[in-house]
Amino acid sequence: MASIQTSALLSHSSLPSKKINAAIHLPRVDVSVQKIRSIKQAEELKLKDTSPSLEKNTQLYDVIDEQRPSTYSMAHVQLYAILEAVADRVEMHNNLREQRDNWNTLLLNSINMITLSATTMAGVAATCGAGAPLLALKLSSALLFSAATGMLLIMNKIQPSQLTEEQRNGSRLLRILESEIQTTIALGNATEEDVNAAMEKVLALDKAFPLPLLGAMLEKFPRKFEPAVWWPSKLEEGKGKSQRMGKMNGWSKELEMVLREVVEVVKTKDMEDYERLGNIALKVNKTLALAGPLLTGIAAAGTAFVGNGCWGSLVPLVAGSLAAAVNSFEHGGQVGMVFEMYRASGGFFKMLETSVESTLEEEDFERRENGELFEMKMALKLGRSVSQLRELASKSASYRMEGVYDIDEFASKLF
């Protein structure tokens, strides 16, 4: 009996141990299996959910694309097209500016090297005796001087430094036009008049700063200095761009008098000064453009007298040295670029004058730009504050009352 009880107790004691072991090991297996199943189910659900959403999104985008053109007016669409063309022109002007700046540097260095090499050969030939070496040096020197003369004629005709400044100004003004178009689009009140005005401005800029050389290049040596003109013949600046504010849209007789006095100062001081400087730069550029090829041509002809005496040998040496100096001063100093800078500055003042006059000629105040805004823009263009602009106008008026028409101050403080 004792043995039977003992075995029974052992059997009862062994059963709980099995249950405990099962309770310990089985849940671990169940949890891991559930995790794997849940991950697989989540991935399947994700794949099932994404494809309908993609289809819904594509359908939604198709609907938006179909409805999008109807939300914009034709004027907005046309302004966007003009904006793309303007951005493309800016890139072309920048590329040509870099290219023509390289022309100026490479041609200047090449012509100077050719001229100095020919001068050196002429000097060596002067020390040689009669014979084949003398003839070879004289012939080589003459050919190099002739090549320099031809290259100088081409370089002085196109004026690469002036072309570079033209493209630089064209790029800057096109970027200004680009920002104006973007502002018009952002305001959301674009009209057919804005489209026509933008088109006219683009075409006027193309004419003022042409991209090609053949057939469209501007005259580099005009008879007299004339400011650049890059705006349409009928300037609509400051008209119909803002809604009416107040009784007279920000305009008053006092403001009109201020603008007229400032324009008078611009005409009598700034424009006259830049016209004077532009004429000086034009005369200097013409003189240097003629002197360079003339000196190299004289040097080429003077090589024939090398070896016939000391005075005959001096002609190609002196002429070649002077040609290198003149060429370096003209194209290294970029005299053509200076002339173009004065021409563009004169055009800026001319545009300012035309803008004020065309605005004041408009009798309907509702069609004018707001007077206070127009005054602020004009002050910023001249590098002044509004109070400084009014002080300049009052000073000009007081000088005029005293019979003095030459005020001792320039209107612009920028340049």
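Isoleucine 82 is buried in the predicted model, with a relative accessibility of 8%. The residue belongs to helix 2, which comprises residues 74-127. Although isoleucine 82 and methionine 199 are separated by 117 residues in sequence, their C-alpha atoms lie 7.2 Å apart in space. Helix 2 also carries aspartate 101, a residue with a relative accessible area of 33%. Because buried residues must fall under 20% and exposed ones over 50%, aspartate 101 is classed as partly exposed. On the surface, Asp101 joins Asp88, Glu91 and Glu98 in a patch of negative charge.

The fold as a whole is helical in its assigned elements: the chain contains ten helices and zero strands. Read from the N terminus, the order of elements is accordingly α-α-α-α-α-α-α-α-α-α. The chain has 415 residues, of which 36% count as buried.

Aromatic contacts were searched for over the whole structure, and seven aromatic pairs were found. In one of these, the ring centres of tyrosine 274 and tyrosine 342 are 5.9 Å apart and the ring planes meet at 65 degrees, so the arrangement is edge-to-face. This pair connects distant parts of the chain, since tyrosine 274 is located in helix 6 (residues 253-302) and tyrosine 342 in helix 8 (residues 335-361), with their positions 68 residues apart. Both tyrosine 274 and tyrosine 342 are buried. An edge-to-face geometry is likewise assigned to phenylalanine 348 and phenylalanine 349, because their planes stand at 65 degrees, with the ring centres 5.4 Å apart. Phenylalanine 348 has a relative accessibility of 14% and therefore counts as buried. For phenylalanine 349, also buried, the relative accessible area is 0%. Together, Tyr274, Tyr342, Phe348 and Phe349 constitute one aromatic cluster.

Backbone geometry was examined next. Most residues other than glycine have a negative phi. Glutamine 159 has instead a positive phi, near 50 degrees. This glutamine occupies the loop between helix 3 (132-158) and helix 4 (160-187). With a relative accessible area of 0%, glutamine 159 is buried. A positive phi is also found at glutamine 334, where the value is near 55 degrees. Glutamine 334 is placed in the loop between helix 7 (310-332) and helix 8. The relative accessibility of glutamine 334 is 23%, so the residue counts as partly exposed, whereas glutamine 159 is buried.

Helix 7, which precedes the loop containing glutamine 334, also holds tryptophan 311. Tryptophan 311 counts as exposed, at 70% relative accessibility. Along with Leu314, Val318 and Leu322, Trp311 makes a nonpolar surface patch of about 440 Å². The surface features described here thus comprise this nonpolar patch and the patch of negative charge that includes Asp101.

Terms used
Residues are numbered from 1 along each chain as its sequence is written. This is a predicted model: local features need pLDDT of at least 70, side-chain atom pairs count only at pLDDT 80 or more; totals for chains, interfaces and linings use all residues. Side-chain values use heavy atoms; hydrogens and water are left out. Patches are made of residues with over 30% relative accessible area and no salt bridge: like charges are joined within 9 Å, nonpolar side chains (Val, Leu, Ile, Met, Phe, Trp, Tyr) within 5 Å. Accessible areas come from the Shrake-Rupley method with a 1.4 Å probe; for residues, only the protein chains shown count as cover. A salt bridge is a side-chain nitrogen of Lys or Arg within 4 Å of a carboxyl oxygen of Asp or Glu. Lys and Arg count as positive and Asp and Glu as negative; His and the chain ends are not counted. The place of a charge is taken as NZ of Lys, CZ of Arg, CG of Asp or CD of Glu. Helices (H or I, at least four residues) and strands (E, at least two) are DSSP runs, numbered from the N terminus. Buried means under 20% relative accessible area, exposed over 50%, partly exposed in between (1.4 Å probe, protein chains only). Rings of Phe, Tyr and Trp (its six-membered ring) pair if their centres lie within 6.5 Å; planes under 30 degrees apart count as stacked, over 60 as edge-to-face and the rest as tilted.
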